[in-house]
Amino acid sequence: MITVRIFGGLGNQMFQYAAGRALAEKKGVKLMLDTSFFKTNKEREFMLDKFNISGEVTISSKLAIFNSKIVRKIMSIVKFPKRYYRNYSTVFDDRFFDLPENVYIDGYFQSEKYFADIEDVLRNEFALSFQVSEEFKIWKEKIENSNSISIHVRRGDYLLKKNIVKHGVLGVDYYKKAVSEMEGNVGNPQFFIFSDDKHWCNEKIVPITNNGCVINIKSENRDVEELLLMSSCKHNIVANSSYSWWGAWLNKNKNKIVWKDF
């Protein structure tokens, strides 16, 4: 059995699931999702259950020990190098698929190389498992009936001092350049703006587009619905965010333009 530690926001959860799913498929074993992180961290919510995922979800107290950073560090270095795999690097580890069929994996796994072989499987499983809101249906129709371009703006926790240093925040100049480039390559573009800071986007991003609008889904499944709307756009302007990455990756348009400059 492959057990993968699920933590963080939706984008991170999707990377972790995708890597675990690919490894389980490679080894021909079941996949278990350790969601014990969300028992103690109330700032984040487990959201993979909004999709048609196939992994078994558990919050077993036996696995909760991995929530300790110290324990995880010790186990990865000293005690169980074969039963416990920890990798927080964003660089693909080509030894990943040499792991045994009974292993606990812990990391970000932010490389498509971890799951490229099961792309079709993931596209099917990252479909919504619930009845979408009326807002979603209205926006989806507008997106599908235009030369739609998503603009993703990540602010929120990126504005915290520790995260500004770690991630950086993309400013208006970044989006001005992106919009200009897209307008030069897409005829009659319609911009749909997705963000965790919708007020800022209405003030700063809408004015730099000719016809941009901020998506504001109010349903309880807002994050997941907005991600799928982003992926429904014909082209994507992405931010330095795993959530943004998945919005572009799930875009099925074979001629899509994905714009980034960071």
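## A buried phenylalanine and three helices

Phenylalanine 96 sits in the loop that links β4 (84-87) to β5 (103-107). The model shown here is predicted.

Is phenylalanine 96 buried or exposed? Its relative accessibility is 0%, so phenylalanine 96 counts as buried. Neighbours within four places in sequence aside, phenylalanine 96 contacts Ala19, Leu23, Tyr85, Ile105, Phe109 and Tyr114. One of these contacts is leucine 23. Phenylalanine 96 and leucine 23 stand 73 residues apart in sequence, yet their C-alpha atoms are 8.1 Å apart in space.

Next comes α7. This helix spans residues 172-185, 14 residues in total. From first C-alpha to last, α7 reaches 20 Å, close to the 20 Å expected at 1.5 Å a residue. Its buried residues are Tyr174, Tyr175, Ala178, Val179 and Met182. They lie on the same side of α7 because they cover an arc of only 125 degrees around the axis. An α-helix has 3.6 residues a turn, so residues three or four places apart point the same way. Asp173 and Gly184 are exposed, on the face of α7 turned away from the buried side. Strands help cover the buried residues of α7, including β6 (147-153), β7 (189-195), β9 (235-237) and β10 (258-259).

Two further helices, α9 and α10, pack at an angle of about 45 degrees, with axes 7 Å apart. That angle makes α9 oblique to α10. The crossing of α9 past α10 is right-handed. The table lists the residues that meet.

| Helix | Range | Residues that meet the other helix |
|---|---|---|
| α9 | residues 222-232 | Asp223, Glu226, Leu227, Met230, Ser231 |
| α10 | residues 242-249 | Tyr243, Ser244, Trp246, Gly247 |

Notes
Residues are numbered from 1 along each chain as its sequence is written. This is a predicted model: local features need pLDDT of at least 70, side-chain atom pairs count only at pLDDT 80 or more; totals for chains, interfaces and linings use all residues. Side-chain values use heavy atoms; hydrogens and water are left out. Helices (H or I, at least four residues) and strands (E, at least two) are DSSP runs, numbered from the N terminus. The expected span of a helix is 1.5 Å times one less than its number of residues. Buried means under 20% relative accessible area, exposed over 50%, partly exposed in between (1.4 Å probe, protein chains only). The arc is that of the directions from the helix axis to the C-beta atoms. Contact means heavy atoms within 4.5 Å. Axes are lines fitted to C-alpha atoms, for helices over the stretch in contact, and angles run from 0 to 180 degrees between N-to-C directions. Angles under 35 degrees count as roughly parallel, over 145 as roughly antiparallel, 65 to 115 as roughly perpendicular and the rest as oblique. A crossing is left-handed if the near helix is turned anticlockwise from the far one by less than a right angle, and right-handed if clockwise.
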